[in-house]
Amino acid sequence: MFPFGEAHELDFGRLLIQRANGGRLLLPVAPCMLRLTQRVVLVDAGLDPGLADRVEGVEWQRPVRDLAAQLEALGLTLDDVGDVVLTHLHDDHGGGVFDRRREAPVFPNARLHVQELALWQGLDRAARGGERFVSPVLLDWLLQTPQAVHHHGDWRLCDELAVTHTGGHTPGHQIALAG
Ligand SMILES: [Zn+2]
């Protein structure tokens, strides 16, 4: 149970990834919505809703309802999201903040919290052609939008939520912790 407000897992479908060894990986994409006392927070944002088949060998099995419909069922709209904590910038976690087809932010009123290390590491990898799952379009947009808040290490969103820079899965990886 979440100690403050409510926590809801959102359904962004599944990614079917063809691996080089012939195997296949099925990855659920499930951002989390936290309704805290003063604000609505997403931890990760799922996939770019305008996603074309950018990555070869990856198929997106769409959810039954899109994100807007899932939030509506909880009495919310995309405009109500005040903060998005991006754990890292792989497409299945960070891609959902920017709609590439409309060239517009998905959450127009949200601050988008990212470790600066994640941006620079993503750009560095993309420049060397080595990052398949981070969109250069997303990186460029996060570097110029006033919605993005860049963090260095641990930080606190509010009394109810702290964020810790863990590294690990990616060098700029961060996690949100209640309390
Ligand atoms: Zn990842």
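## Exercises on a predicted zinc-bound model

In this predicted model, three strands make up an open sheet in the order β12-β13-β14, with antiparallel pairing.

**Exercise 1.** Work out which strands form the edges of the sheet β12-β13-β14, and how β13 is joined to β14.

*Solution.* Begin with the edges: these are β12 (155–158) and β14, each of which pairs on one side only. From one strand to the next, the twist averages 25 degrees. Turn next to strand β13, residues 161–165, which runs antiparallel to β14 and is joined to it by 5 bridges. Within this pairing, T164 stands opposite I175 in β14.

**Exercise 2.** Decide whether Q174 is buried or exposed, and find which partners its side chain reaches through polar atoms.

*Solution.* Locate the residue first: Q174 lies in strand β14, which covers residues 174–178. Its relative accessible area is 0%, and because buried means under 20%, Q174 is classed as buried. Now follow the side chain of Q174, which reaches the backbone oxygen of L86 at 2.9 Å, and which also makes a polar contact of 2.9 Å with the side chain of W155. Finally, set aside the neighbours within four places in sequence; the residues in contact with Q174 then include V85, H113, Q115, V163 and H165.

**Exercise 3.** Determine which residues coordinate the zinc ion, and what parts of the chain the pair H88 and H169 ties together.

*Solution.* The donors are H88 through NE2, H90 through ND1 and H169 through NE2, at 2.1 to 2.2 Å from the zinc ion. Their spacing in sequence is H-x1-H-x78-H. Since H88 sits in the loop between β7 (81–85) and α2 (91–94), while H169 sits in the loop between β13 and β14, the pair ties together parts that are 81 residues apart in sequence. Accessibility can then be assigned to each member of this pair: H88 is buried at 3% relative accessibility, whereas H169 is exposed at 54%.

**Exercise 4.** Explain why C32 is not bonded to C158, the residue with the closest cysteine sulfur.

*Solution.* Start from the total, which is 0 disulfides in the structure. The sulfur of C32 lies 14 Å from that of C158, and because a disulfide requires sulfur atoms within 2.5 Å, this separation is too far for a bond. Viewed from the other side, C158 is likewise in no disulfide, its nearest cysteine sulfur being that of C32. As a last step, compare their surroundings: C32 is partly exposed at 25% relative accessibility, while C158 is buried, with a relative accessible area of 14%.

Terms used: Residues numbered from 1 in each chain as written. Predicted model: local features only at pLDDT ≥ 70, side-chain atom pairs only at ≥ 80, totals over all residues. Heavy atoms only, no water. Helix = DSSP H or I, 4+ residues; strand = E, 2+ residues; numbered from the N terminus. Buried < 20%, exposed > 50% of the residue type's maximum accessible area, 1.4 Å probe, protein only. Polar contact = N/O pair within 3.5 Å; in protein donor to acceptor, adjacent residues only side chain to side chain. Contact = heavy atoms within 4.5 Å. Pairing = 2+ DSSP bridges. Axes fitted to C-alpha atoms, helices over the stretch in contact; angles between N-to-C directions. Donors = N, O, S within 2.8 Å, 3.2 Å for Na, K, Ca; no water.
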